[in-house]
Amino acid sequence: MPTEREIQHPDGRVERITETTAAPTTVVERRSGSGMGAIVALIIGLLAVLVIGYFLMNMNRNDAIESNAVAGAAESVGNAADNIGDAARDAVPERAPAPAN
């Protein structure tokens, strides 16, 4: 509640002063939640890590399967080249040695 007072100076001036007292400061404390949000966030984070790990593992397996397929194809090409070489060698008759002079 404001307090008013008047001061009269010798020269005839009147000064009016209004003083107010500051209201006491009110502190409102808020309690945090039960921590359920942190638990849910932790579970979601772990699930995200597991899903990402699963996809990375599958990607690694696919690379290994692809590498094995390429190696198998290369081996088949090598075998085919050996067969062609053998067939070419068998197709040409052996020459008799040239007579000596």
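Begin with the whole chain in cartoon view: from the N terminus on, its elements run β-β-α. This is a predicted model, and the chain holds one helix and two strands.

**Whole chain, surface view**

Display the molecular surface of the chain. About 9,800 Å² is exposed, of which carbon and sulfur atoms supply 61%. Colouring by burial will mark few positions, since buried residues make up 1% of the 101 residues.

**The two strands**

Return to the cartoon and select residues 3–8, which form strand β1, together with residues 14–19, which form strand β2. How many salt bridges does a search of the whole structure find? The search returns two.

For one of them, show the side chains of Arg16 and Glu6, which meet with an N to O distance of 3.0 Å. Arg16 belongs to strand β2 and Glu6 to strand β1, so this salt bridge ties together parts that are ten residues apart in sequence. Is Arg16 buried or exposed? With a relative accessibility of 67%, Arg16 counts as exposed. Its partner Glu6 has a relative accessibility of 48% and therefore counts as partly exposed, because the exposed class requires over 50%.

Next, select Asp11 and Arg13. These two residues form a salt bridge in which the closest N and O atoms are 3.2 Å apart. Asp11 is exposed, its relative accessible area being 56%.

**The helix and its nonpolar patch**

Move on to helix α1, which spans residues 36–91. Select Met36, Ile39, Ile43, Leu47 and Leu50 and show them as a surface: they make a nonpolar patch of about 510 Å². Leu50, one of the patch residues, lies in helix α1. How exposed is Leu50? Its relative accessible area is 59%, so Leu50 falls in the exposed class.

**The aromatic pair**

Finally, select Tyr54 and Phe55 and display their rings. A search of the whole structure finds one aromatic pair, and Tyr54 and Phe55 are its members, with ring centres 5.7 Å apart. A pair of aromatic rings is described by the distance of the centres and the angle of the planes. What is the arrangement of the Tyr54 and Phe55 rings? Their planes stand at 70°, so the pair is edge-to-face, because an angle over 60 degrees places a pair in that class. With the surface switched back on, inspect both residues: Tyr54 is exposed, and Phe55 is exposed as well.

Conventions. Residues are numbered from 1 along each chain as its sequence is written. This is a predicted model: local features need pLDDT of at least 70, side-chain atom pairs count only at pLDDT 80 or more; totals for chains, interfaces and linings use all residues. Side-chain values use heavy atoms; hydrogens and water are left out. Helices (H or I, at least four residues) and strands (E, at least two) are DSSP runs, numbered from the N terminus. Buried means under 20% relative accessible area, exposed over 50%, partly exposed in between (1.4 Å probe, protein chains only). Accessible areas come from the Shrake-Rupley method with a 1.4 Å probe; for residues, only the protein chains shown count as cover. A salt bridge is a side-chain nitrogen of Lys or Arg within 4 Å of a carboxyl oxygen of Asp or Glu. Patches are made of residues with over 30% relative accessible area and no salt bridge: like charges are joined within 9 Å, nonpolar side chains (Val, Leu, Ile, Met, Phe, Trp, Tyr) within 5 Å. Rings of Phe, Tyr and Trp (its six-membered ring) pair if their centres lie within 6.5 Å; planes under 30 degrees apart count as stacked, over 60 as edge-to-face and the rest as tilted.
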